Amino acid sequence: MTVTIRTLNELLQPSHLPAHPLATQEYFVNMGPQHPISHGSLRLVLRLDGETVKEVIPVPGFVHRGVEKMCESLTPRQIVPYTDRLDYLSAFMNNWAITRVVETAAGIESNERIETIRTLMSELQRIQSHALWWGVTGMDLGAFTAFLYGFREREVISEIFEETVGARLTMNYIQPGGVMYDIHPNFVKRVKDVMAYMKPIIDEYDTLLSGNVILQERCRNIGILSPEKAIALGCTGPVLRASGVPYDLRKMENYGVYNKVDFNVVVGAVGDCWDRYYVRMQEMRESIRIVEQLIDSIPEGPTMTLRYNLPIEMPEGTYYSQVETARGVFGAFLVAEGKSEKPYPLHFRSPNYNNLWSVTALAPGWRVADIIAILSSLDLVIPDIDR
Amino acid sequence: MSFMDFTDLRYEKRTLGGKILPVVVCPRFNPRSQPMRVFDAVKGLLQGMRLTLGYLLSPSKIVTQQYPENRATLKFPERYRAILKFKYDENGLHKCTGCKNCEVACPNASIKVITRDSVITEDHELDRYIWRLDSCMFCNACVQACPFDAIEMGHAFENAVYDRRLLIYGLNPIAGPAASALENEEDPEVRRRMSDPRTILGGPIPLNGAGLPNLKPVAAAPFVDPLPIAVTDPLPPEDGEGEEVS
Ligand code: SF4
Ligand code: SF4
């Protein structure tokens with residue numbers, strides 16, 4: 001296999017003048033870094049021939065904060081709040097990834113209660129993240145009403161988090177050795193209420209947007225990602241599953257208490273934007289099923305098994321752990337030196353980074369407006385790409 | 001079956017990596033012939049319209065909060081994490097011993113605990129507790145790390161100011177030993193001399209707001225802490241000790 005490396009400068013050279021007198025000249029258009037569709041600072045350079053996209057060159061890095069480098073001077077407990085700020089819509093799952101790798105490295109035992117709470121929180125956040133994504137997709141494709149509806153449900157779930165965790169976005173809740181607080185006394189009742197409320201709401205989403213002819217026309221058979229290509233690009237999460245590959249870490253790795261619950265892996269049939277859209281809609285229903293199976297039987301036990309101020313000893317070695325976030329596989333690779341608590345180095349494998357590059361395979365041949373639908377269906381969170 | 005039937009899910013089993021997985025395949029309806037497609041399109045649009053119209057006609061379902069008009073009735077869950085503040089006992093005394101566990105636990109050095117030796121007992125005690133709201137990320141690590149339950153995250157969230165120097169706070173209104181140590185002292189006069197007053201925006205950290213010309217510390221409004229009863233009549237500071245550096 002050969003890999004060609006081209007700099008952005010080379011890519012942006014003016015294209016050749018075609019021989020045919022009527023042929024148009026290709027030109028470049030910057031989409032972003034400030035563009036409503038990028039949901040953050042992401043620059044896409046489009047090479048266009050008229051309206052037709054010839055090539056997409058993603059230029060990430062506008063939100064690069066050097067989180068991995070910073071983590072080299074932090075203790076495991078201090079790293080956890082930084083992972084909130086990667087994919088902020090999957091904060092619990094990101095916390096869980098770093099927690100898992102630290103717990104594996106240090107040999108920290110967890111218990112059923114901790115794992116159940118972690119699973120519950122992650123699934124609630126998956127619903128929340130997908131609900132927000134649904135609203136934002138609606139807005140990207142011109143349906144502003146959907147945006148308000150998506151935020152409404154997000155708020156309902158945020159309130160549950162606020163009560164138990166004390167935060168709405170940057171959780172720092174799942175920590176090595178357990179969780180920050182025990183669940184709030186109201187938690188079980190509230191979650192049940194919200195789940196009962198959410199079920200008809202997702203059908204409402206279908207009525208409002210999924211059945212809409214404009215959405216259908218802009219998504220169906222647009223941007224088809226073949227399973228081979230998706231795997232080759234390292235796509236994970238709903239993007240990969242929409243291409244028909246039933247790869248879901250919740251089934252493949254059996255972390256948390258996912259092996260105790262009954263749920264289906266949602267896959268798409270073709271791998272177009274519609275499949276990526278509907279995989280997430282159906283995943284919300286599956287997540288509701290998971291939450292409903294767990295909420296009545298949270299086992300008893302302590303929620304934190306470590307004393308806070310004691311250092312976490314990690315023997316020398318390399319460790320890797322991963323979890324399924326709302327956007328795919330989030331992994332943390334940690335090298336422990338054995339001398340100190342601090343990792344050297346720490347690398348995050350973020351799902352959005354790989355999912356972003358699928359746009360280079362998806363976009364060529366489609367129109368500029370289709371890029372919007374394609375990007376929207378990838379559900380990118382930019383700080384997770386740039387880290 | 002009509003064009004848009006979202007219950008048209010296919011349940012099957014697939015193998016991946018040696019595992020048999022229950023799988024549900026998303027609905028995929030094939031568009032019908034031309035006249036029916038127009039009908040389907042209009043139907044889909046009208047369904048959505050009817051839904052939004054339903055919300056328009058039943059305002060009780062609308063969940064918008066009228067912030068800031070509802071400020072008086074805003075309720076926060078007790079665990080809500082906003083500004084950091086000291087906890088006080090019933091005499092208005094803080095519990096911080098100056099052990100610096102919170103400073104060590106803070107991931108981005110938002111806390112600086114300055115300690116001193118007591119004038120009276122020569123014990124290690126708190127002089128200034130400096131907290132930088134501008135770099136704090138409300139992670140709660142400091143609260144979790146405190147072995148004496150001396151700090152907590154309060155609920156005041158409207159912290160905007162015009163000068164970021166005003167975001168560096170001294171959290172302790174008195175410098176001196178923790179309540180537990182002060183209780184051991186019998187003589188009220190000695191007790192009084194053990195503690196010195198501190199202001200919210202005074203302190204030796206550069207960028208601290210107190211030294212700024214024409215700046216009144218209005219930003220300190222959320223910090224209306226109970227005035228410590230033990231030092232209602234503070235003595236002038238001893239030489240070199242507890243001097244206001246601005
Ligand atoms: S909440 Fe976190 S960032 Fe803020 S002062 Fe405490 S430990 Fe530091
Ligand atoms: S607040 Fe707590 S942890 Fe910080 S110095 Fe005071 S007693 Fe120690």
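Student: How many salt bridges does the rule find across the interface of chain A and chain B?

Tutor: Zero. Keep in mind that this is a predicted model. A salt bridge here needs a side-chain nitrogen of Lys or Arg within 4 Å of a carboxyl oxygen of Asp or Glu, so polar contacts deserve a separate look: 25 residue pairs are in polar contact between chain A and chain B, both partners at pLDDT 80 or more.

Student: Which elements of chain A give two or more residues to the side that touches chain B?

Tutor: Among them are helix 3 (76–83), helix 7 (187–210), helix 12 (273–295) and strand 6 (265–267) of chain A. The largest share, seven residues, belongs to helix 6 of chain A. Sorted by class, this side of chain A holds 27 nonpolar, 20 polar and 14 charged residues.

Student: How many residues does each chain bring to the contact, and what is the area buried?

Tutor: Chain A contributes 61 residues and chain B 49 residues. The buried area comes to about 4500 Å², with 56% of it from carbon and sulfur atoms.

Student: Which strand of chain B is joined to strand 6 of chain A?

Tutor: Strand 2 of chain B, residues 19–25. The two strands run parallel and are joined by three bridges. For a pair to look up, take A:Val266, whose bridge partner is B:Val24.

Student: And how is chain B itself built?

Tutor: Chain B has five helices and nine strands, in the order β-β-α-β-α-β-β-α-β-β-β-α-α-β along the sequence. Of its 246 residues, 40% count as buried. Among contacts in chain B with a separation of 6 or more, 68% link residues 24 or more positions apart.

Notes
Residues numbered from 1 in each chain as written. Chains lettered and ligands numbered in written order. Predicted model: local features only at pLDDT ≥ 70, side-chain atom pairs only at ≥ 80, totals over all residues. Heavy atoms only, no water. Contact = heavy atoms within 4.5 Å. Buried area = accessible area lost by both parts, 1.4 Å probe. Polar contact = N/O pair within 3.5 Å; in protein donor to acceptor, adjacent residues only side chain to side chain. Helix = DSSP H or I, 4+ residues; strand = E, 2+ residues; numbered from the N terminus. Nonpolar A, V, L, I, M, F, W, Y, C, P; charged D, E, K, R; others polar. Pairing = 2+ DSSP bridges. Buried < 20%, exposed > 50% of the residue type's maximum accessible area, 1.4 Å probe, protein only.
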